[in-house]
Amino acid sequence: MDALLNERSLCGQFDDIYSFLDSVKPVIRCIELIHENSDIAIYKTADFYDCKIIKDERLCDLAKYKLTDELLRLKISLDREVYEKPHWDDEPIHNISEKFFWNDEDVSATSLAEAAIKGDMLLSFFLEIFKDKKLTILNEGNIYSVDSVHTPRYLVEKYSSDLHINRKGYLQILYEDTRIDCSTMEDGYGAEILQKHEFEGLIKSFDKFVQHESWESIALDDGLEYKKYTPAEKKKNWFLGRKYSGKTIMKFRFSGVMRCFGYRKGDRFRVLRLERDHTVSDNG
């Protein structure tokens, strides 16, 4: 399986160059994750740089704009992907003389048709009709389903095995730039100890945790039961030792008996350990 940049997702929909570059962050992150974790090739058309960003500006016109440091980094990452091979239209796999349709629109000889025949994913820029969804492509009586990927979350939800990402890595990507930080999750006490349905329950609770408006509303959530870990005896302290000195260990519930332990640093909750049977929580 490979990936194709979706030229149909750039049709001059942005108000200006800067709003485009701000919107492209999820796609750049998807590209980085693919290159960091797999041998998946990212194809595009040979003239992808001609795609329109705003009504009268194309990707190649970015060169004439003065950019901030952050936007310049995004532009460099995007340029590297757009201007380098491979180009799927050098040797297309699908028959470009055949008719392909999506939503009653003729998408013959496009990345949508190529992805349909190859069984590849599309990497799509910000356009609601392409944002993290399956596209149904019709061709000569055949029906194909193509994933249109926009965000890192959708990418790893669909392709974590292809990217060779373990559960800890999966959680880190899912909760990048949120209130949950899984980079501190300890080996032996992490998501790998959970059964599939338990892992799904953890994600639901993490989602709930990060969707709260404030730490105060988290503390008031009876379902999460977010509170301080207070072992009755020093010898029963699961986090006894210099490594945790000075840290206020907190915990919250992600199922009837399962608990997530960690500590707050700034506006993030650093996950340390997961517990499946409540024996530790019984003591604090």
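**Loop geometry, surface patches and packing in the predicted model**

Pro86 is located in the loop that runs between α3 and β5. In this predicted model, a cis peptide bond links Lys85 to Pro86, with omega at about 15°. The loop between α3 (69–83) and β5 (100–102) also contains Asp90. With a relative accessibility of 48%, Asp90 is classed as partly exposed, because the exposed class requires over 50%. Asp90 belongs to a surface patch of negative charge, in which it is gathered with Asp47, Asp89 and Glu91. Across the protein, 43 positive and 52 negative charges are counted, and their mean positions lie 10 Å apart.

Positive phi values occur at two non-glycine residues described here, Asn103 and His164. For Asn103, phi is near 50°, and the residue is placed in the loop between β5 and β6 (105–106). Asn103 counts as exposed because its relative accessibility is 60%. For His164, phi is about 60°; this residue sits in the loop between α5 and α6. His164 is likewise exposed, its relative accessible area being 65%.

A nonpolar patch on the surface, of about 290 Å², is formed by Phe101, Leu138 and Ile143. Of these residues, Leu138 belongs to strand β8. The relative accessibility of Leu138 is 41%, so the residue counts as partly exposed.

Strand β8 (133–139) is also among the elements that cover the buried residues of α5. Helix α5 spans residues 152–159, and its buried residues are Pro152, Tyr154, Leu155, Val156 and Tyr159. Besides β8, the cover over these residues includes the helices α2 (25–37) and α6 (167–174), together with the strands β7 (121–123) and β9 (142–149).

At the level of the whole protein, the secondary structure consists of nine helices and 14 strands. The C-alpha atoms occupy a box of roughly 75 × 50 × 30 Å along the principal axes. Of the 284 residues, 48% are buried. Among contacts between residues at least 6 apart in sequence, 62% connect residues at least 24 apart. The exposed area of the protein is about 14700 Å², of which carbon and sulfur atoms contribute 47%.

How values were computed
Residues are numbered from 1 along each chain as its sequence is written. This is a predicted model: local features need pLDDT of at least 70, side-chain atom pairs count only at pLDDT 80 or more; totals for chains, interfaces and linings use all residues. Side-chain values use heavy atoms; hydrogens and water are left out. Patches are made of residues with over 30% relative accessible area and no salt bridge: like charges are joined within 9 Å, nonpolar side chains (Val, Leu, Ile, Met, Phe, Trp, Tyr) within 5 Å. Accessible areas come from the Shrake-Rupley method with a 1.4 Å probe; for residues, only the protein chains shown count as cover. A salt bridge is a side-chain nitrogen of Lys or Arg within 4 Å of a carboxyl oxygen of Asp or Glu. Lys and Arg count as positive and Asp and Glu as negative; His and the chain ends are not counted. The place of a charge is taken as NZ of Lys, CZ of Arg, CG of Asp or CD of Glu. Helices (H or I, at least four residues) and strands (E, at least two) are DSSP runs, numbered from the N terminus. Buried means under 20% relative accessible area, exposed over 50%, partly exposed in between (1.4 Å probe, protein chains only). Contact means heavy atoms within 4.5 Å.
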